[in-house]
Every structure is written in C-alpha cells, then in structure tokens.
Amino acid sequence: MSKTIVITGGAGFIGSHVVRLFVNRYPEYRIVNLDALTYAGNLENLRDIENAPNYSFEKVNILAPEALDKLFATWQPDGVIHLAAESHVDRSILSPLDFVYTNVIGTVNLLNAAKTHWKGNFEGKRFYHVSTDEVYGALGDTGFFTEQTKYDPHSPYSASKAASDHFVRAYHDTYGLPVVVSNCSNNYGPNHFPEKLIPLFINNIIQRKPLPVYGDGLYTRDWLYVKDHAAAIDLIFHQGKNGDTYNIGGFNEWKNIDLVKLLCRLMDTKLGNEAGTSEELITYVKDRPGHDRRYAIDASKINQELGWKPSVTFEEGLSLTIDWYMDNKEWLQHVTSGDYMNYYDLQYSKR
Ligand code: NAD
Ligand code: DAU
C-alpha cells in the first residue's frame, strides 16, 4: 500500500461517501474507517465495500486518547480526513455539551495523536479537517461567505465546529502540523440521516406524516449533492495547499418552503399521487432558536485553483436521492427504529 489514510466518521452520511470514493479510486491506499458508531453511524452504509482488500474498520471513539494512540501506532497513517462529529443543529440545542466533547475535545485528541506520532516529520503527511459554512454565521438577502469571512457562529453546533477549526489552524501555526480545512454548505443525498430536512421530509411523505417547516419557511440554504462534496474532499486532500482553507458550495440557494414544495411535487409523481397530495402535509411550526437566515457559499477559490464544480443539478440530485430512499426502505426502517422516535417526540411534540 502506498499510503494509509484514516477517515474519521466514515460510517456517517458524508464520511461513507468519502470512504467509498477513496476505497474504489485508490486501490493502492489503505483506508482505515475510524468511527464510534453513534446513532448517526451505520455500517450498512458501506456494505458494498466492506470486504475490499484495502478497507478496514476500527470502532474507536475520538474521545478516547489511548485508543487513538493505539490506532496510530498500529496503522501509522500518512493522512487523516476528519469528519467524525455531532452534526445536527437541533440536537446541539437540546444537548450542547455533547458537541463540545466530540467536536472540540475529540478534534484536539486527534490533532494530538497526529502530532505525537508524526514526531515533527511531516513529509508526505496531511491532516484534513472537514468543516461547515455555519461557522460564518448568517447572511442577509445578499452576499456570500468567502474564505475571508469572519467567524460568527450562532448555534452550539456551529460554535463547536468553529472552535475545532481554530484548534486545527492553531496546530498548524504553533507546531507546523500540515493541515487543510474546508467549509461546506448543506449536503443532501443517499444515506442522509432522517433528522435533517430533506431525508426527514422524504420519510414523512412516504409515511403521510406532517412536514414541520420551522418559522416562516423563508430560511435559505445552499444545497450540494453529497458525492460532489466527496469529490471536492478528494481534490483538496491531494492538491490543496498546506494551511489553506477552501469553501465548498452548491451554487444552489433554495428557500426552505420552495425546496419542500419541489420535494412534494417530485414525490407525488414518483408515488403516483394526485398533484398537491404531499403539500397538504406542510405544517408551519415554532421556529428553531438562533435560526440562521441565509447561507450561501462563494466557491470560486476551489473552482479556480482546483477546477472543482458540482456535477449534478439540484433536480437530478434530488430525484436520485428520492429514488434511493424509496429503494432502501429497509435502511430507513433500521435507522428510524429504537432511539429515533424518542428524539422525534422530544424535538417535535411541543412545537
Ligand atoms: P453524520 O452525523 O452523518 O456522521 C457523523 C459520524 O461521526 C457518524 O458515523 C458517527 O458515528 C461518527 N462519530 C460521532 N461522534 C464520534 C466520536 N466521538 N468518535 C468517533 N466517531 C464519532 O455527519 P455528516 O453529516 O456526515 O457530517 C460529517 C462532517 O461533515 C461533520 O464534521 C460535519 O460537521 C461536516 N459537514 C456536514 C455537512 C452536512 O450538510 N451534513 C455540511 C458541511 C460540513
Ligand atoms: O450548512 C451546513 C450544515 O447543514 C451542516 O454543517 C450541518 O451538519 C447540517 O445538519 C446542515 O445544517 P442545517 O441546520 O442547515 O440543516 P437541517 O437539515 O437541520 O435544516 C435545514 C433547514 O431546514 C434549516 O433552515 C432548518 C429547516 N428545518 C429543519 C428541520 C430538521 C425545518 O424547517 N424543519 C425541520 O424539521
């Protein structure tokens, strides 16, 4: 094997697409998937590649420094692509400390493991931290987040991601750790956990349950198909400059209510429903506290320097995504059994 790469959070939504891409595209690399398998981690996401000769899974929690130490000693990784995190804003409002532990302390544990094991010899090494556009705060009706936009996080989730980004850059500036950071907009696609807007609403439409739109529904997000994010991560990991940051976005802004109506229309067609059937499920509910009004990424740096751009249109990506959920009802059933309903009741029963 020419390189060993540890991908953290590889059993989650984006991580599983990154693991699959690397395992298939780089048979000469050993890919080690490090994941604690929280409620969001699911090895079913990786069934198709789990027996690949260049793939290994390690059930490790980034909150356990000794386990990280052992993993680094065993695998001697050349690179780390760090996606493991608590990732849902609503859960961060219910339970902020979980986000401080995993996103901040977990990231510092991982930085320490890389620093200790690479022992100042950084030739051929890379620590890639995957972050979010939410660290930049909220936009008004105009403007975009660039790599120079000042951090202004509003939710416990975005505050914890902002803190982790600062630690990654501090390890670069203080210890010379070869790091690269990317900040991406909202992803969607197969394997997305049905607590986030698009998969939650697909699941609720299938089950004819209410579609809880927060506030006035005019909040705007910039949506990117998950495989396009994975392709950007591949490019940045291999060609990004040490110490640099890259913004990744979909050039694809949608107000929530317009997106929900599009989803309803597409699903009515696919389910053979009469037009308008799913829209009847739309229910306006109490707003998310601290809700950021608009996100939009200026992705010109990654476009101009690395030649990246999204490969699918939103309608194509959304259609592929709906098809995936309709073809994988068993997956949906598995991830929505157990604790899922406890969270659902806590989050939505009093709205
Ligand atoms: P996810 O919640 O689907 O998956 C997170 C994964 O991390 C899970 O497999 C989980 O088991 C694992 N994990 C959680 N805590 C862990 C711990 N303590 N130790 C080891 N593993 C742990 O998340 P996602 O949506 O795939 O996001 C992945 C990364 O990308 C996150 O860092 C997130 O902040 C970032 N990001 C997400 C989006 C998005 O739209 N989903 C956009 C931009 C950036
Ligand atoms: O911008 C990148 C971020 O996108 C990632 O860093 C996060 O990990 C990811 O979860 C996502 O955060 P959002 O808060 O934007 O995504 P979510 O799917 O939770 O919500 C999208 C929009 O839809 C947001 O304006 C809130 C709204 N919403 C969400 C849910 C779950 C609703 O109106 N109703 C809902 O039930």
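A residue counts as buried when its relative accessible area is under 20%, taken with a 1.4 Å probe. By that cut-off C184, at 3% relative accessibility, is buried, because 3% lies under 20%. C264 is buried as well, with a relative accessible area of 0%. The model discussed here is a predicted one, and the two cysteines make a handy way into it. A search of the whole structure for disulfides returns 0.

Burial can then be followed across the chain. Of its 351 residues, 57% count as buried. The accessible surface amounts to about 14,700 Å², and carbon and sulfur atoms account for 50% of that area.

Turning to the fold, the chain contains 12 helices and 12 strands. Its radius of gyration is 20 Å, close to the 20 Å given by the globule rule for 351 residues, so the chain is as compact as a globular protein of that length. Measured out along the principal axes, the C-alpha trace spans about 60 × 45 × 40 Å.

How do the contacts spread along the sequence, and what share of them joins residues at least 24 apart? Among contacts between residues at least 6 apart in sequence, the share is 82%.

Charge completes the picture. The chain carries 34 positive and 43 negative charges, and the mean positions of these two sets are 2 Å apart.

Methods: Residues are numbered from 1 along each chain as its sequence is written. Chains are lettered from A and ligands numbered from 1 in the order in which they are written. This is a predicted model: local features need pLDDT of at least 70, side-chain atom pairs count only at pLDDT 80 or more; totals for chains, interfaces and linings use all residues. Side-chain values use heavy atoms; hydrogens and water are left out. Helices (H or I, at least four residues) and strands (E, at least two) are DSSP runs, numbered from the N terminus. The radius of gyration is taken over C-alpha atoms; the globule rule is 2.2 Å times the number of residues to the power 0.38. Buried means under 20% relative accessible area, exposed over 50%, partly exposed in between (1.4 Å probe, protein chains only). Contact means heavy atoms within 4.5 Å. Accessible areas come from the Shrake-Rupley method with a 1.4 Å probe; for residues, only the protein chains shown count as cover. Lys and Arg count as positive and Asp and Glu as negative; His and the chain ends are not counted. The place of a charge is taken as NZ of Lys, CZ of Arg, CG of Asp or CD of Glu. A disulfide is a pair of cysteine sulfur atoms within 2.5 Å.
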